[in-house]
Every structure is written in structure tokens, then in C-alpha cells.
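Good morning, colleagues. Please take a moment with the sequence and the coordinates on the screen before I begin.

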Amino acid sequence: IDLDSNDSYLELACFDDGPSGDPHYKFFRYNGEELVALGEIDSGAIMDGSGRFISWFDLGVNFTPQFYTSWRELVDNEFIYRDHDVNLYIGETYELDGSGFFVPLDEVPENYYEYMTWDSETMRDFEAIPIKILDIYTAKAMFIELEDGQKGLLYFWIGD
């Protein structure tokens, strides 16, 4: 594949199902003398063809419009992690459509992880509802306000 159409290289992408079913791709480049390992990224990532990727973990896929919290960029044969300014999204209203975990809270928690569980009681289906983002921990965990004024922690993935 061609990760960056602005350079003269073509790359090799090798699929790996991952140790716990977390599919990702490992990327390599042949520079004419040796095979160089570039890095890896999850299979749900999007790329722009100019050497930049947004991981599924950093992409607000359940939101319209979508937003992202970071990206990776191919620089000198390695993926460099770049933070995105999430303050652009704070206070903005988005449409939320999909399933997620929601824990009602009055204030932004200091430690998001102490509230994140796989508890089925916190699982909710959201069907194209407006929400306001009040704080972002990651693209998969944020503090929001629902249209009825209820505030809480919304998250989509906590790992295994």
C-alpha cells in the first residue's frame, strides 16, 4: 500500500488479529537494502494518504460530526503520536447515535477509570440525540450533558 503519496515508497501492511482479538496492521517499508518496521495501528483507523492516521481509539465514531483526540504521523520511518486540541469540542453540541455506557454524575470525575465498568446497568442505547461535551478524557470517554440536563460520564470502551 502507499501510506504517503508524497514520497517514493510503497509499504507492506501485515494483518495481525492481536493477542485478545484486537485486530491491527503492522507496517513495513523496504528502502532498497533492508525491511524497516514503521509501526502498527488498529484496523479501524482511517488514513489520509499523506502519512497521517487517526486510530479508532482516538475517533468519536458515534458522533455527528465526528471528532478526534490525536493522530499518528509517519515521520522518518516511524509513527509519531500527535495530540489534537480537544478544547475545540468542549461546550459544543453533537448528535450521539449508538450504544454506550453512561454513569450519571454531577461533576467531572478526577479519575474517569474509577467509574468505568462493564456493568450492564450502565449500558444505554442512544438514538440520534443531541449531547453537549463538557470534558474529554479520550474519544472513548467523556463527560457530557444530555438534552434533559442530566450530566454524566459517557464511555464506549474500557479495554480487557
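I shall speak about a sheet, then salt bridges, then surface patches.

Please bear in mind throughout that this is a predicted model.

Let me begin with the sheet. Four strands make up an open sheet, in the order E4-E5-E7-E8, and their pairing is antiparallel. Which strands stand at its edges? They are strand E4, residues 46-47, and strand E8, residues 78-83; each has a single partner strand, so one side of each is left without a neighbour in the sheet.

Going through the pairs in turn, E4 meets strand E5, residues 52-54, over 2 bridges in the antiparallel sense. Within this pairing, Ile-46 has Ile-54 of E5 as its bridge partner. E5 also pairs with strand E7, residues 70-75, again antiparallel and over 2 bridges. Here Phe-53 stands opposite Arg-72 in E7; I shall return to that arginine shortly. E7 and E8 are then joined by 6 bridges, also in the antiparallel sense, and one bridge partner in E8 is Ile-80, which faces Glu-73. The hairpin of E7 and E8 has 2 residues between the strands, and in this hairpin Asp-76 adopts a positive phi near 50°.

I now turn to the salt bridges. As a general point, side chains of opposite charge can pair when their charged atoms come close. How many salt bridges does a search of the whole structure find? The search gives 6, and I shall discuss three pairs.

In the pair of Glu-11 and Arg-29, the closest N and O atoms are 2.6 Å apart. This pair links distant parts of the chain, with Glu-11 in strand E1 (residues 11-16) and Arg-29 in strand E2 (residues 24-30), 18 residues apart. Are these two residues buried or exposed? Glu-11 is buried because its relative accessible area is 6%, under the 20% limit. Arg-29 likewise counts as buried, at 5% relative accessibility.

Lys-26 and Asp-16 form another salt bridge, with 3.6 Å between the closest N and O atoms. Lys-26 lies in strand E2 and Asp-16 in strand E1, 10 residues apart, so that this pair too links distant parts of the chain. Lys-26 is partly exposed, with a relative accessible area of 32%, and Asp-16 is partly exposed at 25%.

The arginine from the sheet, Arg-72, forms a salt bridge with Asp-58, the closest N and O atoms being 3.2 Å apart. Arg-72 belongs to strand E7, whereas Asp-58 sits in the loop between E5 and E6, 14 residues apart. Asp-58 counts as buried, at 9% relative accessibility. Salt bridges with shared partners also join Asp-7, Glu-11 and Arg-29 into one network.

Finally, the surface. Phe-57, Trp-118 and Trp-157 form a nonpolar patch there, with about 330 Å² of accessible area together. Phe-57 is in the loop between E5 and strand E6, residues 63-64, and is partly exposed, with a relative accessible area of 30%.

A patch of negative charge is also found on the surface, where Glu-95, Asp-97, Asp-125 and Glu-127 gather. Which strands each supply at least two residues of the negative patch? They are strand E9 (93-104) and strand E10 (123-138). Asp-97 lies in strand E9 and counts as partly exposed because its relative accessibility is 43%.

Thank you; I would be glad to take questions.

Notes. Residues are numbered from 1 along each chain as its sequence is written. This is a predicted model: local features need pLDDT of at least 70, side-chain atom pairs count only at pLDDT 80 or more; totals for chains, interfaces and linings use all residues. Side-chain values use heavy atoms; hydrogens and water are left out. Patches are made of residues with over 30% relative accessible area and no salt bridge: like charges are joined within 9 Å, nonpolar side chains (Val, Leu, Ile, Met, Phe, Trp, Tyr) within 5 Å. Accessible areas come from the Shrake-Rupley method with a 1.4 Å probe; for residues, only the protein chains shown count as cover. A salt bridge is a side-chain nitrogen of Lys or Arg within 4 Å of a carboxyl oxygen of Asp or Glu. Lys and Arg count as positive and Asp and Glu as negative; His and the chain ends are not counted. The place of a charge is taken as NZ of Lys, CZ of Arg, CG of Asp or CD of Glu. Buried means under 20% relative accessible area, exposed over 50%, partly exposed in between (1.4 Å probe, protein chains only). Two strands pair if DSSP finds at least two bridges between them.
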